[in-house]
Structures are given as C-alpha cells and as structure tokens.
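Colleague: I would like to go through this model step by step. Please give the cut-offs as the terms come up.

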Amino acid sequence: MIKQIIKLHSLKGWLFTFSLLGIAIILLPLLNIFAPENSFLHIPDYMFSLFGKYLCYALVALAIDLIWGYTGVLSLGHGVFFSLGGYAMGMYLMRSIGKEGVYKSELPDFMIFLDWKELPWYWWGFDSFIFTFFVILIMPGLFAFIFGYFAFKSRIKGVYFAIITQAMTYALMLLFFRNNTGFGGNNGLTDFKKILGYSLQEPSTKMSLYILTAIVLFIFYVVARFVVQSKFGRVLTAIRDSENRVMFSGYNTLNYKLAIWTISAFICGIAGALYVPQVGIVNPSEMQPSNSIEMAIWVAVGGRGTLSGALVGAGLVNGAKSWFTVAAPDYWLYFLGILFIVVTLFFPKGFVGIFSRLRIKRKGNQNG
Amino acid sequence: MDSSGAHVKDDLIDTRHGCILYIEEVTVSFDGFKALNDLNLFVDDGELLCIIGPNGAGKTTMMDVVTGKTRPDEGTVFFGQNLDLTQMTEFEISHAGIGRKFQKPTVFLNHTVFENLELALHTNKGIWQSLTKTLNGKQREIIEEGLETIGLKNQKNLRAGLLSHGQKQWLEIGMLLAQDPRLLLIDEPVAGMTHQETEHTAELLKSLAGKHSVVVVEHEMDFIRSIANRVLVLHEGHVLAEGKMEEVQNNPKVIEVYLGS
C-alpha cells in the first residue's frame with residue numbers, strides 16, 4: 001500500500017507537490033510574521049481568510065473532478081453537499097456563541113427572534129465538536145448515497161442527471177430559506193464568535209484554519225491521486241467512455257458510480273465545513289443553482305480529468321472573480337459566461353490542456 | 001445478491017444435456033413491432049454457430065436478450081439448464097460466463113491496449129479489490145498471452161483510440177477472451193477488416209470452438225462459409241432455416257428472403 005502511494009508521483013512530482021505544500025503552510029505564514037509591515041513581501045492577516053477560502057474551493061473542484069472529469073457524471077448540485085457540511089459546522093459555531101449573542105440567551109439569536117422556547121431536537125448534540133465532526137463526515141455522504149442510489153439505479157445519465165441535481169439543490173435551497181426549517185432562514189447562520197474556545201477574530205485562529213485547510217487539501221489530493229491511478233480509477237474512466245462495455249465486462253457499474261459519487265460528496269462536505277468558519281457565515285444562497293454551476297465551471301476551465309487542472313481552475317476563476325467584483329462588478333457574470341463558452345469550444349481540456357499541448361509541441365520541435 | 005464480484009464456477013452451469021444456451025419461445029416487441037417473434041434457438045456446448053439474416057431480422061435483439069440488456073416480453077432464456085438469464089443483470093451474466101462483442105467495436109479509447117485487457121481480465125471485480133490490488137505475475141502473463149493471440153504485442157502501450165478499425169475489433173475479441181467466458185456472442189467481427197485480417201479472424205474463431213461455445217452474427221457470406229459448421233437463418237424474429245451452409249443456401253425460403261427482392 002505504502003509502495004503504491006510512493007509510486008503515485010515521480011520523484012520530481014513529489015518534490016513539486018511538497019514544495020507547494022511547504023510554501024502554503026510554512027513560507028506564507030512566516031512572511032506574515034517576520035516580513036516588515038511595509039515590505040512587499042509582507043502578507044497581511046486578511047489574506048489568509050481569502051487563501052483559505054480558495055483552498056476550500058479547490059477542494060470542491062477536486063471532488064467534482066472525480067465524479068465529472070473521471071467518471072463522466074456531471075453534477076450541478078455539489079453546492080448541496082458543500083452547504084450540508086457548512087451548515088453542520090455553522091450549527092456548532094452557533095452553539096459555541098453561548099450567551100454572548102445579542103439577546104444574551106442560551107438559544108441562538110434567530111430562535112429568540114422567532115419566539116422559540118427551546119432548541120429543536122435536530123440541534124441537539126451540536127454543542128459538542130466531536131458530534132459535529134461526525135455529522136460533517138457522515139451527513140453529506142449519506143445524503144449523496146441515498147440520492148445517488150435511486151438516480152443511478154434508475155440509470156439516469158448525462159443531461160438528465162445534471163438537471164435533477166439542479167432540482168435537488170434548488171429544492172434544498174427553498175427548504176433552508178423557510179424560517180420554520182430551523183436553520184436561520186434566509187439570513188442563515190452567522191455572528192460566530194469562537195471555535196474550540198479560540199476567538200474567530202484572532203489572526204492566529206484564522207491562520208490556523210488556513211493551514212488546516214491546506215493540509216486537508218493536500219491529503220485529499222493524495223487520496224484522489226491514489227483513487228484515479230488504481231484500477232478503480234481506470235474502471236471509472238472506462239465507465240465515462242463506454243459504460244456498456246464495463247457492464248458486459250462484469251463490473252457492477254452502479255456500485256462504482258455510487259462509491260465515487262459518495263466520496264465526492266464527502267470531500268465536498270468537508271470543504272464546506274472548513275469554509276464556514278473562515279468566511280463567518282453560511283446561508284441558503286450557497287445552494288443557489290448557479291453556485292453549483294460555477295463549481296463545475298472551475299473544473300472545466302482548469303481541465304477535466306486532471307487533478308491539477310481542477311485545483312488550478314478553482315484558483316484561476318476565483319482569483320478572477322475577486323478581481324472583477326472589485327474592479328468591474330457588473331461584468332463578472334458576463335465574463336464567467338464567456339469564459340465557459342470559450343473554454344468548452346476551444347480548449348476542451350482546459351487550462352492544463354493548453355500547457356500540455358505546448359509542451360508536446362516543444363518536444364516535437366526539439367526532435368524534429 | 002452478491003455484488004462483490006464472486007464468480008460463478010464453471011461446474012455450476014449444467015450442460016449435461018449438451019446444450020449451453022436455451023432460448024425458448026422468446027418474443028420482444030418495441031411499440032408493437034416484434035423484433036423477436038416466438039424465437040427458439042439452442043446452442044450446443046462447444047459449438048461454433050453462425051447466425052445470418054437480413055437487416056432487422058432480430059440478430060442484435062437476440063444478443064441483447066441473452067446479455068440482459070433487453071428483457072423479453074415472453075419466453076425463457078437459460079444458460080445451461082439452471083441459470084435463468086432473464087432474472088440477471090448485465091454484470092451478473094458476464095460473471096456467469098457470457099462475453100459479448102458489439103457490432104461497433106467497443107473498447108476503452110482512452111486506455112492503453114494493455115489496460116483494456118487488464119480491465120476485462122477474469123478476476124474479482126469488486127470495488128475494494130480494484131482499489132487495492134495490483135496485477136500479479138500470473139495475470140500479467142495471461143494478458144501478455146492475450147496480446148500475442150490478437151497480434152497487438154507491439155501496440156500494448158498505445159492508446160486504444162489510435163488503433164485501426166480492424167485492430168479495435170481484435171482488441172475487443174481479446175478482451176472477451178480475457179474474461180474467460182463459456183459462451184461468446186460475437187456481432188459482426190469482420191466488418192471493416194481487410195481480406196487478410198478476415199482470414200486471421202476466421203482462424204482465431206475456429207480455434208476457440210471446443211474450449212468455448214461461440215455464436216457469430218455476420219453478413220459476410222465468404223467469411224461464414226470459411227468458419228461455419230451449423231448455420232441458422234433468422235428472419236422477422238424467428239428461425240427460418242438451419243443446417244449446413246450448403247443446405248441453407250439452397251433452401252428456397254432462404255433464397256426468397258435473401259435474394260428474392
């Protein structure tokens with residue numbers, strides 16, 4: 001097993017991966033602490049929440065790439081799994097506010113506002129981080145498993161599957177919008193104060209969350225690599241290319257699709273849970289259909305079917321988004337739409353595909 | 001249901017009466033059109049059976065029914081005397097020992113030739129095994145032998161998408177063999193092959209009979225003449241005639257459907 005993991009990358013590949021990790025979790029924090037404030041090398045505190053956010057998005061892209069890029073099942077509903085993880089974390093953070101809320105009550109503020117007298121049963125247990133931790137690990141995957149079981153069992157494929165995932169995320173958004181559902185309605189959960197006793201306003205807490213996210217992303221990158229380079233991964237790509245042949249070769253494709261779908265949702269849920277404490281809010285807009293579509297665009301832009309492509313795509317698109325929403329907020333959605341069309345038409349293998357094509361060309365020139 | 005990929009043992013297929021496949025009184029209709037109409041067809045264990053028939057005679061539907069892709073409206077399909085194929089899913093049928101080659105060559109275009117055979121290889125096909133197990137020496141040997149048989153040894157690290165049409169046809173046959181099936185259903189194996197490739201394929205199929213039972217559907221008459229022992233003519237969803245090639249060719253009913261128009 002360990003041998004298999006070492007073989008996932010060439011020596012050069014591992015060095016590169018580890019140096020990226022090193023830059024993220026050692027160099028950047030050091031520059032924040034030791035570089036003088038006014039030097040261009042200094043990384044200000046607020047950047048770490050932003051980086052942390054990007055890393056969460058990258059984790060989402062990784063998850064979508066496994067199910068879409070490798071298995072060919074386009075999901076436009078991953079916002080749901082992201083939100084489920086996010087809401088679970090949000091509930092814990094709400095409970096850790098304690099009596100420091102506006103109404104100085106044991107109950108979360110929005111419940112007082114709705115004139116609720118006691119905590120609904122489904123909020124029980126979220127005082128405990130351990131409990132929350134397991135909910136984060138189980139809920140998104142379990143939900144995906146049940147949804148996926150019925151969808152794949154009925155052999156729903158392609159566009160039809162994409163559409164029902166859109167319907168799923170839309171339905172859940174409407175459900176969470178209702179005040180009576182008990183998750184804070186359209187305001188969602190916010191005003192968080194502490195996580196595990198540490199103040200969320202402290203730069204050190206923010207930096208720790210960022211470092212944790214980077215490490216989690218690294219771990220899941222290795223896991224994903226392991227999956228796609230195993231025979232399991234080859235079966236997945238085979239399903240993408242010719243599901244009939246895979247079935248007639250004796251594979252139960254339902255199990256394979258269900259497994260990778262559940263793993264993908266699981267990763268996405270963890271990304272959501274890491275995201276919420278870093279941005280300080282979770283609300284139903286995370287489940288907007290357009291949100292899930294945007295997630296798929298990250299992967300398409302970066303390059304489907306390559307793990308690095310997914311990571312790069314999430315970074316590029318969100319980087320562009322951060323820039324646009326400051327410089328030209330009205331044009332962001334136009335840009336995103338055009339980007340998606342251009343990539344789909346001219347660069348089906350995405351950003352990473354452009355590079356590998358250039359590399360092959362250069363090699364060809366050298367040889368010729 | 002055991003979906004872990006456990007294999008049905010050969011001796012579980014009851015062929016004591018000499019037959020491996022029983023298709024009895026099968027009818028399949030699509031929107032009122034009867035693709036198969038009271039079809040009765042039996043395949044002897046170890047024989048090489050050829051099926052011919054004009055377009056729309058129900059040849060492909062027959063294969064769909066045997067492999068679980070289409071469920072018959074009426075009738076029974078048994079593998080040996082004991083396995084009711086109409087109650088099994090595609091992958092269970094594959095495990096039971098039926099391999100199928102599609103009309104259009106269907107291989108995994110983005111995988112190498114070697115990987116194509118690896119995926120087809122007869123082994124435990126559960127999720128956990130796929131995730132953790134790698135090929136052992138014996139399995140590699142089987143794959144190498146397979147590469148030899150289908151003449152693609154030099155192309156083993158080539159993406160299957162880059163193969164010629166005929167090579168893809170062979171690769172698909174090689175994948176079937178790697179599954180080590182009792183019964184092979186082969187739909188138009190020589191479509192798009194050169195004369196030489198066709199000859200080579202004929203030899204390959206003839207060498208398989210005995211160890212495996214083989215059912216070949218083909219249009220190409222010369223090819224059938226070169227391999228056939230028993231020929232069966234399908235027309236409008238049922239068997240029109242059967243026998244040796246010469247008998248069938250001289251059968252007035254066959255002449256009418258094939259050449260009459």
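Colleague: How far apart do the C-alpha centres of domain 1 of chain A and domain 2 of chain A lie?

Modeller: This is a predicted model, in which local features need pLDDT of at least 70 and side-chain atom pairs count only at pLDDT 80 or more, while totals for chains, interfaces and linings use all residues. Residues are numbered from 1 along each chain as its sequence is written, with chains lettered from A and ligands numbered from 1 in the order in which they are written. The domain assignment of chain A gives domain 1 (1-44) and domain 2 (46-289); such bounds come from an automatic or database domain assignment. The distance between their C-alpha centres is 26 Å.

Colleague: Which helix of chain A gives the most to the side of domain 1 that touches domain 2?

Modeller: Two residues are in contact if their C-beta atoms, placed from the backbone, lie within 7 Å. The contact takes 8 residues from domain 1 of chain A and 11 residues from domain 2 of chain A. Helices (H or I, at least four residues) and strands (E, at least two) are DSSP runs, numbered from the N terminus. With 4 residues, the most on the domain 1 side comes from helix 2 (residues 11-34) of chain A.

Colleague: How do the residues on that side of domain 1 of chain A divide into nonpolar, polar and charged?

Modeller: Ala, Val, Leu, Ile, Met, Phe, Trp, Tyr, Cys and Pro count as nonpolar, Asp, Glu, Lys and Arg as charged, and the others, Gly among them, as polar. On the side of domain 1 of chain A that touches domain 2 of chain A, the division is no polar, no charged and 8 nonpolar.

Colleague: Which helix of chain A supplies the largest share of the largest nonpolar core?

Modeller: A residue is buried if 20 or more other C-beta atoms lie within 10 Å of its own, exposed if 12 or fewer, and partly exposed in between, with C-beta atoms placed from the backbone. A nonpolar core is a set of buried Ala, Val, Leu, Ile, Met, Phe, Trp, Tyr and Cys residues joined through C-beta atoms within 7 Å. The largest one has 165 residues, and those with the most contacts inside it include A:Leu59, A:Val60 and A:Ala271. Its largest share, 16 residues, comes from helix 3 (residues 46-70) of chain A.

Colleague: Which residues is A:Ala271 in contact with, leaving aside its neighbours within four places in sequence?

Modeller: A:Ala271 is among the residues with the most contacts inside the largest nonpolar core. Its partners beyond those neighbours are A:Cys56, A:Leu59, A:Val60, A:Phe82 and A:Gly85.

Colleague: Is A:Leu311 buried or exposed?

Modeller: A:Leu311 is placed in helix 12 (residues 307-327) of chain A. Not counting residues up to four places away in sequence, A:Leu311 touches A:Ala58, A:Ala61, A:Leu62 and A:Gly302. A:Leu311 has 26 C-beta neighbours inside 10 Å, so A:Leu311 counts as buried.

Colleague: How far apart in space are A:Leu311 and A:Tyr54, C-alpha to C-alpha?

Modeller: In sequence, A:Leu311 and A:Tyr54 are 257 residues apart. In space, their C-alpha to C-alpha distance is 9.4 Å.

Colleague: Which helix of chain A gives the largest share of the side that touches chain B?

Modeller: In this interface, 20 residues of chain A are in contact with 22 residues of chain B. Helix 10 (253-279) and helix 9 (231-248) of chain A each supply at least two residues of the chain A side. The largest share, 12 residues, comes from helix 9 of chain A.

Colleague: Which strands of chain B stand at the edges of the open sheet?

Modeller: Two strands pair if DSSP finds at least two bridges between them. In chain B, 4 strands form an open sheet in the order 2-1-4-5, with antiparallel pairing. One side of each edge strand is left without a neighbour in the sheet because each has a single partner strand; these are strand 2 and strand 5 (83-84) of chain B.

Colleague: What is the bridge partner of B:Tyr22 in strand 2 of chain B?

Modeller: Strand 1 (residues 19-30) and strand 2 (residues 33-44) of chain B run antiparallel and are joined by 8 bridges. In strand 2, the partner of B:Tyr22 is B:Phe42.

Colleague: What percentage of the residues of chain B count as buried?

Modeller: Chain B has 10 helices and 10 strands. Of its 261 residues, the buried share is 44%.
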